[in-house]
Amino acid sequence: MRCEWEEIILKQGNHSGGHPVGKSQGNGGEGKDRHLHNPIADKLIPLEPLDLGKVRSIDDLVRAMSKTAFTGRQLGEAADVLEAMARDEECFVVMTLAGAMTVAKQGLIVTELIDRGIVNAVVSTGALMAHGLVEATGRAHFRANPEVSDEELYEQGYNRVYDTLEPEQNLDDVEEVMSAVLEAWDHNEVMCSYKLNHAIGAHLAKSAKDQRGILKSAYEKGVPVFVPAFSDSELGLDTALNNRLRESTGRHKIRFDPFEDVEHFAATLLRQKRLGIFTIGGGVPRNWSQQFGPFIELRHRRLGENVPLKRYHYGLRICPEPVYWGGLSGSPYSEAVSWGKFVPPAEGGKFGEVFLDATVGLPLIVAAVLERLDKKGSKAQKGKKVAARR
């Protein structure tokens, strides 16, 4: 039996780096005699201090951030991806929108991307489009007073979105726009979200000429706007109410078929040479758009259709959702490569991901890229060229 003092000596010997008898070296957690590399010879990219004294524009700032670290570097590299998409004449860019971006007053940034021909299709939540109609009809959102309780806000007719208020009266005003569009809808025409959003844009082009907005610009530029989860929104509720009104007055109800959206989206993307996706947040818009690749593959593999297998070449995502929660909104592009949704970087895929609130990241990235395009010559004809291929 080992005595107590032997136990103490053995433990002390192990702590001092000794090797147990009968054990080979290299299994005890020892360090290695390292050969130190030269980072210059290894062609590593050095970082640079962010010198505000050299910053003269938003683009200067974003370029400088790309040479730093952490989220700053992500943001700078994301701007490079968006610029590459914007300059690629053969790239059709899909923008997906989730979250309260129009309530948060980011709608005109999306509008600008459409007007400049950088974004060629939009996939959004219905709520985001409905709140965008508030802006497009000249109404406003307001700061919430943290001292006023949600119970009081409810009684006063104010709907709270974090630190911002959407007056219920705004949504009643939106319903007037929807009513005008829905009442003019021919019941023989099957409705889907891109057709309805086109009709709303046409209405705004006539009735809100002095206001800018996503749906109005989308109509004017021939950009389709899809809302996959249509019934989960004010737009969907207004359509449901209109159908009840039609039924109560002996008229035909409007038939809504979401698969017309799926087919039109797929047919549009199949006509393009290269594809890019610019995602704000995640949710249904992101996944619905990304399922294009698997949908085409299944048509080819299961149905034997002679369709080209296509995936997104470019991807840019601004979303603070981390991957380790297991939710789709946090999944990286590398995971989507395994599903056949994206071209891997080894084959030319180019991606950027920024884990940041979009109300911070989106304005900086877009403003920087617009400065670059204005500086070196923007692709003014891109939107027309892409529209011709639809």
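These questions and answers concern a predicted model.

Me: What is the order of the strands in the open sheet of 6 strands?
Reply: The pairing in this open sheet is parallel. The edge strands, each pairing on one side only, are S6 (225–226) and S9 (350–354). Read across, the order is S6-S2-S1-S7-S8-S9.

Me: Which residue in S9 is the bridge partner of arginine 317?
Reply: S8 and S9 run parallel and are joined by 5 bridges. In S9, the partner of arginine 317 is glutamate 353.

Me: What angle does the direction of helix H5 make with that of S2?
Reply: Helix H5 (residues 126–136) packs on the sheet. There it touches strand S1 (91–97), strand S2 (121–124) and S6. Its direction and that of S2 make an angle of about 105°.

Me: Is glutamine 290 buried or exposed?
Reply: Glutamine 290 lies in helix H12 (residues 283–290). Leaving aside neighbours within four places in sequence, its contacts include Ile277, Tyr312 and Phe342. Buried means under 20% relative accessible area. Glutamine 290 has a relative accessible area of 1%, so it is buried.

Me: Where is valine 323 found, and why is it called partly exposed?
Reply: Valine 323 is in the loop between strand S8 (314–318) and helix H14 (333–338). Partly exposed covers values between the 20% and 50% limits. Valine 323 counts as partly exposed because its relative accessible area is 43%.

Me: How much accessible area do Val323, Tyr324 and Trp325 have together?
Reply: Val323, Tyr324 and Trp325 form a nonpolar patch on the surface. Together their accessible area is about 410 Å².

Methods:
Residues numbered from 1 in each chain as written. Predicted model: local features only at pLDDT ≥ 70, side-chain atom pairs only at ≥ 80, totals over all residues. Heavy atoms only, no water. Patch = residues over 30% accessible without salt bridge, like charges linked within 9 Å, V, L, I, M, F, W, Y side chains within 5 Å. Areas by Shrake-Rupley, 256 points an atom, 1.4 Å probe, with all protein chains shown as cover. Salt bridge = Lys/Arg side-chain N within 4 Å of Asp/Glu carboxyl O. Helix = DSSP H or I, 4+ residues; strand = E, 2+ residues; numbered from the N terminus. Buried < 20%, exposed > 50% of the residue type's maximum accessible area, 1.4 Å probe, protein only. Pairing = 2+ DSSP bridges. Contact = heavy atoms within 4.5 Å. Axes fitted to C-alpha atoms, helices over the stretch in contact; angles between N-to-C directions.
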